[in-house]
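Grab your viewer and a coffee. Here are a few exercises to work through by hand, each with a solution you can check step by step.

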Amino acid sequence: MRNWLPALAGSLLLFLYVAEAFAAEPAPELPPGTYIPDAARPAPGFDVERATQAYLAMLTPEQRTRSDAYFEGGYWLQLWQFLYSVGVLALILWRGWSVRARTLAERITKRPALQAALFVCMLLPVFWLLSLPMDWYSGFFREHRYGMSNQDFGGWLWDDVKNLFSLIVLGVIVITGIYALVRRTGPRAWLWASGFMCLFLLFLFMITPVFLAPLFNDYKPLEEGPARAAVLSLAHANQIPVDNVMWFDASKQTKRVGANVSGLFGTTRVSLNDNLLNRTSLPEIKAVMGHEMGHYVLHHPIIGVVFYTVIFACGFLLLHTAMERMLPGLGQRLGITGRADPAGLPYALIVLSVYFFLVTPITNRFTCAFESEADLFGLNAAREPYGFATAAMRLGAYRKLEPSRLEELLFYDHPSGRERVEMSMRWLKENQDLFAAQAAPQAATRTP
């Protein structure tokens with residue numbers, strides 16, 4: 001373990017680096033503007049498939065190759081990140097670092113809750129430092145290799161450090177809470193821990209727009225103008241309790257467009273990034289914001305909390321069984337004294353990492369169903385099928401547009417670009433009268 005893990009990590013990163021060196025160069029992206037191909041204009045006998053293909057043809061073979069390579073490489077990246085994280089946790093466990101940290105915490109304080117908190121404060125920085133090479137590759141090098149990042153290394157590293165500190169704070173809350181339940185509830189701890197995670201997820205949704213998101217970006221009120229008026233009109237029409245729209249400077253980090261409706265219990269905030277504002281058209285902004293508002297109106301955050309509470313419950317039950325079998329043999333050899341011993345946390349994280357990796361297709365299907373519902377809501381709310389289709393093609397810069405069915409089942413947590421364009425064209429077919437004037441050939445739109 002002492003010799004092969006660093007060698008394996010170095011070999012893996014070298015392999016990934018060389019593989020990416022032969023990746024497609026960044027291709028030009030779509031210029032700003034709502035695109036309306038001739039085949040997508042209202043007409044008798046409107047053909048959904050023909051209109052969909054016309055949108056898909058807007059991207060050049062070079063762009064499609066780059067997008068496919070980036071997204072397909074992400075399939076393998078998920079595996080390498082999983083294996084790398086498990087390897088780091090195994091190193092911490094088998095080298096006895098977790099037992100030493102536990103022992104040091106016991107010397108500092110006799111209170112079990114404080115011991116667990118100190119243990120987290122010692123463990124997470126070590127895990128972060130050992131994981132830094134993989135984080136650098138996936139979050140910095142690869143993003144620059146495909147032209148998706150605007151951030152220099154110093155800015156990326158500072159964001160990663162801020163992420164570490166936020167994880168320490170949240171980790172202290174979660175780990176100390178769960179270990180307190182393990183000490184007090186014994187064999188039923190997995191069930192109580194699931195309830196605790198339900199409350200924590202609700203808490204996380206509530207504090208994210210107020211405390212966490214501003215750590216990484218500056219949020220400012222959107223100035224008066226067509227975009228602000230359109231977004232507020234959509235929000236008020238769908239009874240979303242906001243009186244302001246925020247924008248944030250995502251362009252300092254990425255080229256991706258994005259928006260969200262975040263927060264719960266009085267912290268609700270409608271936000272869109274400056275990439276969406278500066279690099280797209282008003283119909284696209286309305287389409288994207290209609291989608292995001294759909295998540296809020298359809299109560300996806302609350303339903304998601306319930307779903308993930310069940311997922312956590314199954315994971316904690318699995319962990320309970322695994323700990324019972326591990327402690328008498330391997331646990332004693334590693335110096336872990338019981339289920340409530342923080343020194344066993346790396347083992348617990350390994351078990352949960354394997355579990356969450358294996359259930360990823362299930363969670364992806366659940367999330368994808370939410371995204372499809374929000375897509376349809378957004379189309380009905382914003383009534384911008386051309387903006388929706390154009391935005392879907394714009395996302396095609398880093399999402400494979402036409403995956404196989406197996407790829408969708410295993411890796412997609414959003415509908416594919418093709419599926420989204422087809423949905424918008426099907427919606428348009430049934431509502432052509434609303435767009436006859438807008439999509440007339442003389443309209444000020446882009447026709448590829």
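**Exercise 1.** Find what Val-126 touches beyond its neighbours within four places in sequence, and decide how accessible Val-126 is.

*Solution.* Keep in mind that this is a predicted model.
- Step 1: skip the neighbours within four places in sequence, and the contacts of Val-126 are Ile-92 and Trp-97.
- Step 2: take Ile-92 and look at the C-alpha atoms; Val-126 and Ile-92 sit 8.4 Å apart in space, with their positions 34 residues apart in sequence.
- Step 3: place Val-126 in the fold, and you land in helix α5.
- Step 4: check accessibility. Buried would need under 20% and exposed over 50%; Val-126 has 32% relative accessibility, so it counts as partly exposed.

**Exercise 2.** Work out which residues touch the most other members of the largest nonpolar core, and which element gives the largest share.

*Solution.*
- Step 1: the core has 45 residues, and those touching the most other members are Ile-178, Met-197, Phe-316, Ile-336 and Tyr-347.
- Step 2: list the elements that give two or more residues, and you get α3, α4, α5, α6, α7, α11 and α12.
- Step 3: the largest share comes from α11, with nine residues.
- Step 4: zoom in on Ile-178. Leaving out neighbours within four places in sequence, its contacts are Ala-193, Phe-196, Met-197 and Phe-316.
- Step 5: don't miss the other core, which lies apart and has 27 residues, including Leu-222 and Val-270.

**Exercise 3.** Compare the end-to-end span of α7 with that of a straight helix, and locate the kink.

*Solution.*
- Step 1: with 24 residues at 1.5 Å a residue, a straight helix would reach 34 Å.
- Step 2: the end C-alpha atoms of α7 are only 29 Å apart, so α7 falls short of the expected span.
- Step 3: look for a bend, and there's a kink of about 40° at Met-206, shortly before Pro-209.
- Step 4: see what's buried in α7; Met-197, Phe-200 and Pro-209 are among those residues. Their cover includes α6, β3, β4 and α11.

**Exercise 4.** Lay out the four-strand sheet and say which strands stand at the edges.

*Solution.*
- Step 1: the sheet is open, its order is β1-β2-β4-β3, and the pairing is mixed.
- Step 2: β1 and β3 each have a single partner strand, so they are the edges, with one side left without a neighbour in the sheet.
- Step 3: the average twist from one strand to the next is 30°.
- Step 4: β2 and β4 run parallel and are joined by three bridges; Met-246 has Ser-271 of β4 as its bridge partner.
- Step 5: add helix α10, which packs on the sheet by touching β3 and β4, at about 25° to the direction of β3.

Technical notes:
Residues numbered from 1 in each chain as written. Predicted model: local features only at pLDDT ≥ 70, side-chain atom pairs only at ≥ 80, totals over all residues. Heavy atoms only, no water. Core = buried A, V, L, I, M, F, W, Y, C linked by side-chain atoms within 4.5 Å. Buried < 20%, exposed > 50% of the residue type's maximum accessible area, 1.4 Å probe, protein only. Contact = heavy atoms within 4.5 Å. Pairing = 2+ DSSP bridges. Axes fitted to C-alpha atoms, helices over the stretch in contact; angles between N-to-C directions. Bend = angle between axes of the 7 residues up to and from the residue.
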